[in-house]
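Student: Could you go through this structure with me? I'd like to take it slowly, one piece at a time.

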Amino acid sequence: MDSQGGPYLNKGALCSPLGGARLCQLAMGCAVMAMVTHSAGYSGSHGVFCMAAWCCCFAVSVAVFFLDATRLHSYLRVSWDNLTVTWAACATLMYVTASVVYPLFFVRSECPYEGCQVRDFRIAVTVCSILGTLAYGAEVALCRARPGQIVVGYMATVPGLLKVVQAFVACVIFGALANGSQFSRYAATVYCVVVYASCFALTALVVIMTVCKRTKTVRCMPFDRLVVVCTFLEVLLYLSASVVWPVFCFDTKYGTPWRPSWCPQGKCPWDSQVVVAVFSCVNFGLYLTDLLYSQRVRFGSTRLPANSRV
């Protein structure tokens with residue numbers, strides 16, 4: 001028993017829907033890594049990414065489950081609820097990506113030269129990865145704030161979850177930019193890169209401040225108002241980048257609207273430019289949705305008396 005008369009171990013970490021979801025995450029992660037290392041295999045940058053995503057998610061999920069079960073998270077100077085729902089959303093996106101990339105590059109209908117056993121293992125890896133995606137998604141659904149309730153954890157709201165998706169999409173954009181996109185040819189495309197980096201930094205700052213319980217350090221205005229102001233700025237910046245990037249990449253004066261026939265598969269600048277253009281529009285839509293939802297969110301912390309702030 002602890003000093004407050006409660007048990008040391010948190011039974012809710014096991015005997016609850018949330019605990020069941022986390023146990024499924026661990027089981028699917030362990031199964032995926034075991035099958036990949038045993039027979040399914042991986043190679044190249046795509047395989048390394050998938051394996052890194054699965055290993056990272058498994059390692060962090062073990063830490064989250066252990067800290068929750070032992071109540072040791074109370075010694076951390078973080079908002080545990082915000083941290084866990086943020087991680088669950090991030091892991092869901094990583095698992096979704098790996099569940100698409102791995103079968104796309106490693107699963108074939110015919111048996112490879114290694115034999116049908118390898119193909120079957122790769123199919124099983126894909127199935128377990130999809131189940132892991134559902135397990136992480138279930139945790140997000142269980143932790144998400146419901147309409148009408150007082151919101152204490154910002155990351156459990158729709159705008160908070162959108163922040164995670166926005167940061168993930170920005171990482172996809174950065175990956176495409178680094179893959180020979182030739183963004184340095186024009187000042188306008190360099191401006192777009194600055195927009196992507198600036199918006200990512202603002203989004204990451206909001207998430208970090210929320211998870212680290214630093215929302216009350218902003219003295220000039222309430223934190224929820226600051227979030228809305230930042231989101232509005234990001235909407236304007238992404239709107240400009242979503243227009244400027246396609247013009248300077250696909251207009252005949254600066255580039256080409258069609259994929260060049262000489263462009264190598266997997267190393268074509270035009271492909272990277274298309275990825276950046278598409279995900280710029282996706283992130284613009286996410287930021288716009290975030291802005292609309294942010295108008296309806298009020299945090300539980302903003303209802304505290306003024307003399308209770310630290």
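Tutor: Let's begin with two aromatic residues, keeping in mind that this is a predicted model: Tyr 102 is buried, and Phe 106 is buried as well.

Student: Okay, where do Tyr 102 and Phe 106 lie?

Tutor: Both are in helix H3, 4 residues apart, which is about one turn of the helix.

Student: And how many aromatic pairs does the count come to?

Tutor: The count comes to 11 aromatic pairs. Tyr 102 and Phe 106 form a stacked one, with 4.9 Å from centre to centre and 25° between the planes. Together with Trp 54, Tyr 102 and Phe 106 also make up one aromatic cluster.

Student: Which residues of H2 are buried?

Tutor: Trp 54 is one of the buried residues in H2, and others on that list include Gly 47, Cys 50, Cys 57, Phe 65 and Asp 68. The cover over the buried residues of H2 includes H1, H3 and H4.

Student: What span should H2 have, going by its residues?

Tutor: With 27 residues at 1.5 Å a residue, H2 should span 39 Å, and its end C-alpha atoms are indeed 39 Å apart, so the two values agree.

Student: What follows H2?

Tutor: H2 is followed by Arg 71, which has a positive phi near 60°, although Arg 71 is not a glycine. Arg 71 sits in the loop between H2 and helix H3, and with a relative accessible area of 32% it counts as partly exposed.

Student: What about Lys 213, what is its phi near?

Tutor: The phi of Lys 213 is near 55°, again a positive value in a residue other than glycine. Lys 213 lies in the loop between helix H6, residues 187-211, and helix H7, residues 223-250.

Student: Changing topic, how many salt bridges does a search of the whole structure find?

Tutor: The search finds 5 salt bridges. One of them joins the side chains of Arg 22 and Asp 68, at 2.7 Å from N to O. Arg 22 belongs to helix H1 and Asp 68 to helix H2, so this pair ties together parts that are 46 residues apart in sequence.

Student: Are Arg 22 and Asp 68 buried or exposed?

Tutor: Both Arg 22 and Asp 68 are buried. For Arg 22 the relative accessibility is 4%, and therefore it counts as buried.

Student: What else meets Arg 22 in a salt bridge?

Tutor: The side chain of Glu 139 also meets Arg 22 in a salt bridge, at 3.1 Å from N to O. This pair links distant parts of the chain, with Glu 139 in helix H4 and Arg 22 in helix H1, 117 residues apart. Glu 139 has a relative accessibility of 2%, so it too counts as buried. Taken together, Arg 22, Asp 68 and Glu 139 are linked in a network of salt bridges.

Student: And which residue does Asp 290 meet in a salt bridge?

Tutor: The side chain of Asp 290 meets that of Lys 163, at 2.3 Å from N to O. Asp 290 is in helix H8 and Lys 163 in helix H5, so to speak of distance along the chain, they are 127 residues apart. Both Asp 290 and Lys 163 are buried.Student: Back to helix H4, then: is Gly 132 buried or exposed?

Tutor: Gly 132, which is found in helix H4, has a relative accessible area of 0% and is buried. Gly 132 and Gln 25 are 107 residues apart in sequence, yet their C-alpha atoms are 5.4 Å apart in space. Not counting residues up to four places away in sequence, Gly 132 touches Met 28 and Tyr 95.

Student: What is Thr 126 in contact with?

Tutor: Thr 126 also has its place in helix H4, and its relative accessible area of 12% makes it buried. Leaving aside neighbours within four places in sequence, Thr 126 is in contact with Ser 99, Tyr 102, Pro 103 and Val 107.

Student: Which residues form a nonpolar patch on the surface?

Tutor: The patch is formed by Ile 123, Val 127, Ile 130, Leu 131 and Leu 134, which together have about 420 Å² of accessible area. Ile 123 is found in helix H4, and at 37% relative accessibility it counts as partly exposed.

Terms used:
Residues numbered from 1 in each chain as written. Predicted model: local features only at pLDDT ≥ 70, side-chain atom pairs only at ≥ 80, totals over all residues. Heavy atoms only, no water. Salt bridge = Lys/Arg side-chain N within 4 Å of Asp/Glu carboxyl O. Helix = DSSP H or I, 4+ residues; strand = E, 2+ residues; numbered from the N terminus. Buried < 20%, exposed > 50% of the residue type's maximum accessible area, 1.4 Å probe, protein only. Expected span 1.5 Å × (residues − 1). Contact = heavy atoms within 4.5 Å. Patch = residues over 30% accessible without salt bridge, like charges linked within 9 Å, V, L, I, M, F, W, Y side chains within 5 Å. Areas by Shrake-Rupley, 256 points an atom, 1.4 Å probe, with all protein chains shown as cover. Phe/Tyr/Trp six-rings, centres within 6.5 Å; stacked < 30°, edge-to-face > 60°.
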